[in-house]
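Trainee: Could we go through this structure together and check how each label is earned? I would like to see the values set against the definitions.

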Amino acid sequence: PGVSIGLQSWRRNVISTLHRHDCIEIVFVLSGGGFHRVGDDSFPVIAGDVFIIDQENFHAFETDSAMQFYNLMFTPEIFTTAELEELRENTSFARFFLPPSEGKIVKFHLPELYSTRLREYLDLLYEEFSTRNPTRRLACKSLLVLLLAEFCRIYERLEKGRILMPGGANSSESALPRILEELNRRLTSENTLPEIAAAVHLSPGYLSRFFKAETGLPLIKYLNTLKLEKARQLLLNRPDLNITEVANQSGFQDSSYFTRYFRRIFKETPTEFRSGNLRRK
């Protein structure tokens with residue numbers, strides 16, 4: 001009907017193939033989590049995350065716990081020219097869903113306060129899409145418009161209420177990429193919150209609040225998640241490295257702590273993870 005929606009339930013340790021779509025995909029994570037791979041980058045995924053994945057963008061998901069999510073796909077061509085002109089007046093809609101935006105992936109975290117209504121529309125759209133009613137196409141399109149309008153309203157509310165970085169009204173637009181760049185630069189070393197805050201010229205408390213508001217994750221947890229993902233890639237692709245070398249190259253200076261932390265998150269030791277994947281190959 002020009003729009004499709006699925007309710008996906010994935011087990012732990014499911015890895016999708018790297019793929020792209022000829023449509024726009026919206027992913028709303030209901031429970032569980034894992035990683036979202038975009039090219040050579042990998043981002044933590046938790047319940048409440050929303051991804052808008054544009055056309056032509058290669059990406060893949062991997063779970064580290066059982067994960068349930070909606071994935072909604074549509075193309076702007078589902079709308080008439082007159083409808084697109086009206087929708088284009090909404091700056092959020094135009095920013096996210098209309099060209100020129102190829103290659104863009106948007107991610108943000110929805111607090112529960114804002115996600116309930118969006119979930120209701122997704123439930124209704126999924127229910128209608130699963131029927132064989134003669135009016136299914138029109139009903140799905142109508143619900144899609146309502147859902148996208150609600151999505152834009154939620155985003156605008158979040159924008160108005162977000163914690164701004166010091167230095168001007170537009171500084172928040174470049175603040176998060178700057179922080180993420182600093183975190184990526186520090187992947188291979190031990191870091192404390194005060195050290196990271198000093199590097200981006202903010203107080204530790206302010207940086208912590210800002211990062212949690214923007215991503216939904218505490219900063220140090222996000223950094224450790226990136227380090228664990230780097231460690232998993234080394235375990236899979238560098239059999240010449242021992243566990244201590246993997247730990248050091250992933251930013252964990254204490255290999256015993258690395259092993260304990262890895263096991264706490266993934267329910268197996270680094271050695272067990274590597275051996276299990278070698279057997280599966």
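**Labels and their cut-offs**

Mentor: Gladly! Let us start with a pair of charged residues: the side chains of K141 and E83 meet in a salt bridge, 2.9 Å from N to O. This pair links distant parts of the chain, with K141 in helix α4 (residues 136-161) and E83 in helix α1 (residues 81-88), 58 residues apart. Before we go on, note that this is a predicted model, where local features need pLDDT of at least 70 and side-chain atom pairs count only at pLDDT 80 or more, while totals for chains, interfaces and linings use all residues. Residues are numbered from 1 along each chain as its sequence is written, and side-chain values use heavy atoms, with hydrogens and water left out.

Trainee: Why is the contact of K141 and E83 called a salt bridge?

Mentor: A salt bridge needs a side-chain nitrogen of Lys or Arg within 4 Å of a carboxyl oxygen of Asp or Glu. K141 and E83 have N and O at 2.9 Å, so the pair qualifies. Side chains of opposite charge can pair when their charged atoms come close. A search of the whole structure finds 6 salt bridges.

Trainee: What makes K141 buried or exposed?

Mentor: Buried means under 20% relative accessible area, exposed over 50%, and partly exposed in between (1.4 Å probe, protein chains only). K141 is at 12%, so K141 counts as buried. Its partner E83 has 30%, and therefore E83 is partly exposed.

Trainee: Where do R119 and D123 lie, and how do you know that they form a salt bridge?

Mentor: Both lie in helix α3 (residues 112-129), 4 residues apart, about one turn of the helix. Helices (H or I, at least four residues) and strands (E, at least two) are DSSP runs, numbered from the N terminus. The closest N and O atoms of R119 and D123 are 2.9 Å apart, so the salt-bridge definition is met. R119 is partly exposed at 31%, and D123 is partly exposed at 29%.

Trainee: What makes D240 and R238 differ in their exposure labels?

Mentor: D240 is at 54% relative accessibility, so D240 counts as exposed. R238 is at 31%, so R238 counts as partly exposed. The two form a salt bridge, with the closest N and O atoms 2.7 Å apart.

Trainee: Now the serines. Why is S16 called buried?

Mentor: S16 has a relative accessible area of 17%, so S16 falls under the limit for buried. Its place is in the loop between β1 and β2 (24-31). The side chain of S16 reaches the backbone nitrogen of F61 at 2.8 Å.

Trainee: And how do you know that S9 and Q68 make a polar contact?

Mentor: A polar contact is a pair of N or O atoms within 3.5 Å; within protein, one must be able to donate a hydrogen and the other to accept it, and residues adjacent in sequence count only if both atoms are side-chain atoms. The side chains of S9 and Q68 are joined at 3.3 Å, so the distance fits. S9 lies in strand β1 (residues 3-10), and with 54% relative accessible area S9 is exposed.
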